[in-house]
Amino acid sequence: MVIKTAEYLISSPDWEQCPTPVWPEYAFIGRSNVGKSSLINILANNERLAKTSGTPGKTQLINHFAINNAWYLVDLPGYGFAKRSLSQRRQWEQMIENYLRKRTNLVSVFVLIDSRHEPQKIDLEFVNQLGGWNIPFSLVFTKADKSTQAIVSKNVKTFLNKMRETWQFLPPNFVTSTVKKTGRDAILNYIDEMNAQ
Ligand code: GTP
Ligand code: MG
C-alpha cells in the first residue's frame, strides 16, 4: 500500500469525542514505551506525525490520524506505566475499555509487545481481555533490532504458546523494528486486506 497522505486529526479524552466513524479504524496499544507512536510514524512515513518519547507515558489521549483520506490510525496511551496512581490507572482502563468496545468502526487492534522480553503477565492479561470482548487483534513484537533474531523468535513462540493455553485460534503476528523499518510492508498489506473486506 502506498501512503499518499497522513494527517493528524484530534486527541480525544473519550470515545464519544472521537471523529465521526465513517472510515475503517485500526488502533495501536501496548505497554508504555513499547513503541506504538514510533510504529505509527513508520507506517505513515512521517517521523513527526505521532509524538514519541524516551520516557514512558508520553501518549495520554486517543489520537486519530487520517490515512489516504480512507482510514484511521489510532495511537492510544500505554498500560503498565508505574508512575500512574491507582485512580489514573482506573481512568485509563475505563477510557480504553469504552473506546475498544463502543467504537463501531474499529476493525482491528494491534497489540504491541517488546520482543526482548519473555511473555509478561500484563500483556497476556490484556490480550485475554481483548479476546474475551471478541475484539479482533494481532500481535506486534517491537524493537527487534535490540536483540538477536534467536531471542525474538523464542519470545514470539513462547507468547503464542501461552495464548494457546486459553485460546483455540491464535492471532496474526508481526515482528517490527522502526530503526530497520522491518515489518512495515507486512502490516500495511494486512491493513489493506482488511480495508478491502
Ligand atoms: P507511550 O506513548 O509512552 O505509551 O510510548 P510508545 O509506546 O508510544 O513508545 P514510543 O513510540 O514513544 O517509543 C518509546 C521509545 O522507544 C523511543 O525512544 C523510541 O525511539 C524507541 N523505539 C520505538 N521503537 C523502536 C524500535 O523498533 N527500535 C528501537 N531501537 N527503538 C525503538
Ligand atoms: Mg506513544
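**Exercise 1. Burial and overall build**

What percentage of the 197 residues of the protein count as buried? Then describe the fold.

*Solution.* This is a predicted model: local features need pLDDT of at least 70, side-chain atom pairs count only at pLDDT 80 or more, and totals for chains, interfaces and linings use all residues. Residues are numbered from 1 along each chain as its sequence is written, while chains are lettered from A and ligands numbered from 1 in the order in which they are written.

Step 1. Fix the cut-offs. A residue is buried if 20 or more other C-beta atoms lie within 10 Å of its own, exposed if 12 or fewer, and partly exposed in between, with C-beta atoms placed from the backbone. By that count, 31% of the 197 residues are buried.

Step 2. List the elements. The protein has five helices and seven strands. Helices (H or I, at least four residues) and strands (E, at least two) are DSSP runs, numbered from the N terminus. Their order along the sequence is β-β-α-β-β-α-β-α-β-α-β-α.

Step 3. Check compactness. The radius of gyration is 16 Å, close to the 16 Å that the globule rule gives for 197 residues, so the protein is as compact as a globular protein of that length. The radius is taken over C-alpha atoms, and the rule is 2.2 Å times the number of residues to the power 0.38. Along the principal axes, the C-alpha atoms fill a box of roughly 40 × 40 × 35 Å.

**Exercise 2. The core**

Find the residues that touch the most other members of the largest nonpolar core.

*Solution.* Step 1. Define the set. A nonpolar core is a set of buried Ala, Val, Leu, Ile, Met, Phe, Trp, Tyr and Cys residues joined through C-beta atoms within 7 Å.

Step 2. Read off the members. The largest core has 39 residues, and F28, I40, L73, V111, L112 and V140 touch the most other members. Strand β5 (residues 106-114) gives the most to this core, with six residues.

Step 3. Follow one member. Two residues are in contact if their C-beta atoms, placed from the backbone, lie within 7 Å. Not counting residues up to four places away in sequence, V140 touches L39, F110, V111, L112, I113, F174 and T176.

**Exercise 3. The shell around ligand 1**

Which residues come nearest to ligand 1? Sort the shell by residue class.

*Solution.* Step 1. A residue is near a molecule if its C-beta atom, placed from the backbone, lies within 6 Å of it. There are 24 residues around ligand 1, and G35, S38, T52, T59 and G78 come nearest.

Step 2. The shell divides into four nonpolar, 15 polar and five charged residues. Helix α1 (residues 36-44) gives the most, with three residues.

**Exercise 4. Three residues compared**

Are I42, N45 and K143 buried or partly exposed?

*Solution.* Step 1. I42 lies in helix α1. I42 is buried, because 22 other C-beta atoms lie within 10 Å. Leaving aside neighbours within four places in sequence, I42 contacts T178, K181 and R184.

Step 2. N45 sits in the loop between α1 and β3 (62-67). Its phi is near 60°, a positive value in a residue other than glycine. N45 is partly exposed, because 15 other C-beta atoms lie within 10 Å.

Step 3. K143 lies in the loop between β6 (137-142) and α4 (149-164). K143 has a positive phi of about 60°, although it is not a glycine. K143 is buried, because 23 other C-beta atoms lie within 10 Å.

Methods. Nonpolar A, V, L, I, M, F, W, Y, C, P; charged D, E, K, R; others polar.
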